Amino acid sequence: MSDWYKDAIIYQLHVRAFRDSDGSGTGDFRGMLEKLDYIQELGVNCLWLMPFYPSPLKDDGYDISDYCAVHPDYGTLGDFQEFLNEAHRRGMRVITELVLNHTSDQHPWFRDSRQSPESSCRDWYVWSTTHNRYRQARVIFLDTEVSNWTWDPAADAYYWHRFFSHQPDLNYDNPSVQEAILDVARFWLDRGVDGLRLDAVPYLFEREGTSCENLPETHAFVRRLRRFMDERYGDRMLLAEANQRPEDLCAYFGEGDEFHAAFHFTLMPRMFMAIRREDRQPIVDAVIQTPQAPSTCQWVIFLRNHDELTLEMVTEEERAYMQAEYAREPRMRLHLGIRRRLAPLLDNSRRRIEVLNSLLLSLPGTPSIYYGDEIGMGDNFYLGDRLGVRTPMQWNSDRNAGFSSANRQQLFLPVVVDPEFHYEAVNVEAQQRNPASLLNWMRRVIGIRQRFPVLGRGAVEFLEPANLKVLAYLRTDPETTILCVVNLSRYAQPCELDLRRFSGRKPVELFGNTMFPPIGELPYFLTLGPHSFYWFRLSGP
């Protein structure tokens, strides 16, 4: 099997929010097909699709009522297949969601399960006559749920759920549930999807006296799923969504026999912390303290995604600092996080947006970019839950931002009309015409990343300049050495680097292909403008 995911640049998008082809007010696969040229020109090579399955949409599709179909608002299974085939024709891979911890309470399995204790699916979910079981398991959505148990009058019993009460957890102690989930994986892999993102994977099993997270039984099932994929499909990828500390998360790689890749939830908030504190230490500590993954595995790093900027993996002090700096208004906060997009979080500062994207594309791991962040889209935190960061893609300044021809009141969510981020000012069409736009800068920096596989695969070594506002690190493999230098401060900063081991080599700045003075025995001196960075290839012997 190839490790293509190490060279991937992931683009996360929501079918519902990307492009509406039929004037229904909701995005669909036909609309995404229309925009594949745009995605290809951006330079990404892997698409991650949020859930597009039949669902009551109480949790924006993560409450699935049929695993093996397409929500009728988004098109048909044939539309999905056409989209997938066209993406493959363009050399792009496609990852879909496997929400395996829970279903919607409207799923036929659950509807059958609640009928009576003798129903055929009763043991497909976790039922109890008391709500006092598994008391050491934390409640994840503290601001919306008071317990992990909900009483169901029809069943005359409590059912277990780790997330919303309308999302009952499946019972993985039942072999029939495990077989059903393998059948779901087979259904989509047979259609040609290149990877499965497993949502909420730490919570599959429950055991008394434990936190009901990261249990050995969960790892055993992941290994079973991995064997199933490797034996039948070969060149496919399993991606873990597990909001856990690195030591717990790294366990999901196993010995290279569980997940191929996992999201790095600890590094993400510390990038925001570093740029606000103007101090490199949060980033350096997060990377250095990350356990070494097996050689066939990879971390996936990200700045923003469809969820809140989670602060579960930081200390209480760090959480208070982040909320004070990035979420002054209570409406901006959700659960243990901040529901904002990248540009609003960074006060719409182009320099800071570029600096954080430079980190995303040069620190160890596979980068994941959230749709709309490449043009600096805004958000609407007045919408419920996390919908404020899932608004329609802004294509142009026409009605509904070019997303849909529908009556404005038909849109599944309103387009952003905040004065600073209004779709008439922030849209793809306007930025395509402007060579200096954020979109064109993103295309360029992604292109550079694609030219240098060392940025995805190479080793990392942090340098230690005396100036703590400057982050400097080397990305190396046997053929290439890249020097990255980042000013995390809003003011210009000097920097001296000990590069004596590279004496005689010449730093070539990658954006302009500009040759800098050769490295000698003395400390190498650089001056960096406010919130700026350099990427150098060290050429020569």
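Me: Why is Asp 347 called partly exposed?
Reply: In this predicted model, Asp 347 has a relative accessible area of 43%. Buried needs under 20%, and exposed needs over 50%. The value falls in between, so Asp 347 counts as partly exposed.

Me: What makes Asp 347 and Arg 276 a salt bridge?
Reply: Their side chains meet at 3.7 Å, N to O. The cut-off is within 4 Å, between a side-chain nitrogen of Lys or Arg and a carboxyl oxygen of Asp or Glu. The pair of Asp 347 and Arg 276 therefore qualifies.

Me: Which parts does the pair of Asp 347 and Arg 276 tie together?
Reply: Asp 347 sits in the loop between helix H12 (342-345) and H13. Arg 276 sits in helix H9 (residues 267-277). The two parts are 71 residues apart in sequence, so the pair ties them together across that separation.

Me: How do you know that H13 is largely enclosed by the rest of the structure?
Reply: Count its buried residues. In H13, 9 of the 11 residues are buried, so the helix is largely enclosed. Buried here means under 20% relative accessible area. The buried residues are Arg 352, Ile 353, Glu 354, Val 355, Leu 356, Asn 357, Ser 358, Leu 359 and Leu 360.

Me: Why are H9 and H13 called oblique to each other?
Reply: Their axes cross at roughly 135° and come within 11 Å. Roughly antiparallel needs over 145 degrees, and roughly perpendicular covers 65 to 115. The angle of roughly 135° fits neither class, so H9 and H13 are oblique. The crossing is right-handed.

Me: Which residues make the contact of H9 with H13?
Reply: H9 brings Met 271, Phe 272, Ile 275 and Arg 276. H13 brings Arg 352, Val 355, Leu 356 and Leu 359. By class, this contact has 6 nonpolar residues, no polar ones and 2 charged ones.

Me: Why are H13 and H15 called roughly parallel?
Reply: Helix H13 (residues 350-360) and helix H15 (residues 438-451) pack at about 20°. Roughly parallel means under 35 degrees. The angle is under that limit, so H13 and H15 count as roughly parallel. Their axes are 11 Å apart, and the crossing is right-handed.

Me: What makes up the contact of H13 with H15?
Reply: From H13 come Arg 350, Ile 353, Glu 354, Asn 357 and Leu 360. From H15 come Leu 438, Trp 441, Met 442 and Arg 449. These residues divide into 5 nonpolar, 1 polar and 3 charged.

Me: How many salt bridges does the whole structure hold?
Reply: A search finds 45. One of them joins Arg 16 and Asp 60 at 2.4 Å, N to O. That distance is within 4 Å, so the pair qualifies. Arg 16 lies in helix H1 (residues 15-18), and Asp 60 in the loop between strand E2 (46-49) and helix H4 (77-89), so the bridge ties together parts that are 44 residues apart in sequence.

Me: Are Arg 16 and Asp 60 buried or exposed?
Reply: Arg 16 has 12% relative accessibility. Asp 60 has 4%. Both values are under 20%, so both residues count as buried. Arg 16 and Asp 60 also belong to a network of salt bridges, with Asp 59, Asp 307, Glu 308, Asp 385, Arg 386 and Arg 390.

Me: What makes Asp 152 buried and Arg 114 partly exposed?
Reply: Asp 152 has 5% relative accessibility, under the 20% limit, so it is buried. Arg 114 has 25%, between 20% and 50%, so it is partly exposed. Their side chains meet in a salt bridge of 2.6 Å, N to O.

Me: Why is Phe 412 called buried?
Reply: Phe 412 has 15% relative accessibility. The limit is under 20%, so Phe 412 counts as buried. Phe 412 is found in the loop between strand E14 (366-370) and helix H14 (428-433). Among the residues it touches are Arg 16, Thr 26, Arg 390 and Phe 403. The C-alpha atoms of Phe 412 and Thr 26 are separated by 5.6 Å, though the residues are 386 apart along the chain.

How values were computed
Residues are numbered from 1 along each chain as its sequence is written. This is a predicted model: local features need pLDDT of at least 70, side-chain atom pairs count only at pLDDT 80 or more; totals for chains, interfaces and linings use all residues. Side-chain values use heavy atoms; hydrogens and water are left out. Axes are lines fitted to C-alpha atoms, for helices over the stretch in contact, and angles run from 0 to 180 degrees between N-to-C directions. Helices (H or I, at least four residues) and strands (E, at least two) are DSSP runs, numbered from the N terminus. A crossing is left-handed if the near helix is turned anticlockwise from the far one by less than a right angle, and right-handed if clockwise. Contact means heavy atoms within 4.5 Å. Ala, Val, Leu, Ile, Met, Phe, Trp, Tyr, Cys and Pro count as nonpolar, Asp, Glu, Lys and Arg as charged, and the others, Gly among them, as polar. Buried means under 20% relative accessible area, exposed over 50%, partly exposed in between (1.4 Å probe, protein chains only). Lists of a residue's contacts leave out its neighbours within four places in sequence.
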